Amino acid sequence: MTQPSTRSSTLSSTLSTMDSAASTDGAVVATQDVILELKDVSYRYKPGLPLVLDHMSHAFTSGRMHAVIGPSGTGKTTLLSLLSGLAVPTGGQVLYEGRNLASQDRYAYRASKIGVIFQSFNLMPGMTVSENIIMSMKLAGAYHGKQQAKETVLHVLEQVDLPDEYADRRIGHLSGGEQQRVAIARVLSYRPTVVIADEPTGNLDPESTQIIIDIFRGIVDDGRTVIIVTHSRQVASACDDVFDLSTIKQRTRQRKAVRRSSI
Ligand SMILES: Nc1ncnc2c1ncn2[C@@H]1O[C@H](COP(=O)(O)OP(=O)(O)OP(=O)(O)O)[C@@H](O)[C@H]1O
């Protein structure tokens, strides 16, 4: 997959002038800029099953658009579950702003810090766009009365480039691309610090994909961090950083082979 080399090299040179630390996969990261960090993370779904993630370390810097890529089955969705606090690593730690997520209130974290956009959108098809957004605001504790909710709905619809009149449309009457935009708007309504999306352009044509990319870029420009699990070259090349799980897995295999040969 094409790597966004120009943005990555700019990132490296910027970071070299800041306080920095080497992560275990060799990357240099600015310590004050890291929002989410995987520290030697391993995960298996059940005892006896193989490790899906094997001693993985990586730092996600804030205010950037990150892609997580890798062939099917390399653990992208699993990683997303760990970053969003839906699952806890079986080894190592996931740190949010330097604190172990496992020892924090993960419900509060999911409600206010992290906005997750699932592949299936999880929108209520029989309800309107506005009702879907307001339901999420209530769940996240971001609902402060009808007027504030109405203003927020219109604001987030604008952020995802949908006209005001979409507020009263039923989800079931929208196209796939429009539903994706509503799913993003819903997450933005409670102003999370990090937005995580699982294959947000999976079924979209290049033009609709570009619209979604531009929306995510707007979210980053608004001061948030975006992490996108994707198979799309178009999306990965538009991101500031690319975390390639196949490369990490290859390094782990090499490390293990070296260890075996030295025994
Ligand atoms: N609930 C589960 N129980 C057991 N194994 C699981 C479970 N969910 C996923 N796996 C396994 O974990 C591995 C990684 O799955 P995951 O869905 O994270 O990969 P992925 O990279 O997101 O794949 P894709 O690109 O196809 O969505 C796969 O081998 C999968 O079969």
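In the predicted model, D40 is partly exposed, with 13 other C-beta atoms within 10 Å. This count lies between the limits of 12 or fewer for an exposed residue and 20 or more for a buried one. D40 belongs to strand β3, and its phi is near 55°, a positive value in a residue other than glycine. Most residues other than glycine have a negative phi. R191 shares this feature, with a positive phi of about 50° although it is not a glycine. R191 is placed in the loop between α6 and β9, and with 16 C-beta neighbours inside 10 Å it counts as partly exposed.

The secondary structure of the chain comprises 9 helices and 11 strands. Of the 263 residues in the chain, 36% are buried. Among contacts with a separation of 6 or more, 71% are made by residues 24 or more positions apart.

Strand β3, which holds D40, is part of an open sheet of 4 strands. The order in this sheet is β4-β3-β6-β7, and the pairing is antiparallel. The edges are taken by β4 (53–61) and β7 (99–100). Each of these has a single partner strand, so one side of each is left without a neighbour in the sheet. Strands of a sheet pair through backbone hydrogen bonds, either parallel or antiparallel.

Strand β3 (residues 34–43) and strand β6 (residues 91–96) run antiparallel and are joined by 5 bridges. Within this pair, L38 stands opposite V94 in β6, and E37 has L95 of β6 as its bridge partner. Helix α2 (residues 76–83) packs on the sheet, where it touches β3, β4 and β6. The direction of α2 makes about 120° with that of β3.

On its pairing with β7, strand β6 has 2 bridges, again in the antiparallel sense. L95 takes part here too, with N100 in β7 as its bridge partner. L95 is thus placed between two partners, E37 and N100. β6 and β7 form a hairpin with 2 residues between them. In the turn, E97 has a positive phi of about 45°.

An open sheet of 5 strands has the order β8-β9-β10-β5-β11, with parallel pairing. β8 (114–117) and β11 (241–244) stand at the edges of this sheet. Each has a single partner strand, so one side of each is left without a neighbour in the sheet. The twist from one strand to the next averages 15°. Strand β9 (residues 194–198) pairs with strand β10 (residues 225–229) in the parallel sense over 5 bridges. One such bridge links V194 to its partner T225 in β10. Helix α7 packs on the sheet and touches β5 (65–69), β9 and β10. The direction of α7 makes about 150° with that of β10.

Helix α7 (residues 206–221) also contacts helix α6 (residues 176–188). The axes of the two helices come within 10 Å and cross at roughly 10°. Angles under 35 degrees count as roughly parallel, and α6 and α7 are therefore roughly parallel to each other. On the α6 side, the contact is made by G177, Q180, R181, I184 and L188. The residues contributed by α7 are S208, I211, I212, I215 and I219. By class, this contact has 6 nonpolar, 3 polar and 1 charged residues.

A further helix, α8 (residues 233–238), holds A236. A236 is buried, with 22 other C-beta atoms within 10 Å, as the limit for a buried residue is 20 or more. A236 and H66 are 170 residues apart in sequence, yet their C-alpha atoms are 8.0 Å apart in space.

The ligand is surrounded by Y45, L49, V52, G70, S72, G73, T74, G75, K76, T77 and T78. By class, this shell has 3 nonpolar, 7 polar and 1 charged residues. Glycine is counted as polar in this classification.

Methods:
Residues numbered from 1 in each chain as written. Predicted model: local features only at pLDDT ≥ 70, side-chain atom pairs only at ≥ 80, totals over all residues. Near = placed C-beta within 6 Å. Axes fitted to C-alpha atoms, helices over the stretch in contact; angles between N-to-C directions. Parallel < 35°, antiparallel > 145°, perpendicular 65-115°, else oblique. Contact = placed C-beta atoms within 7 Å. Pairing = 2+ DSSP bridges.
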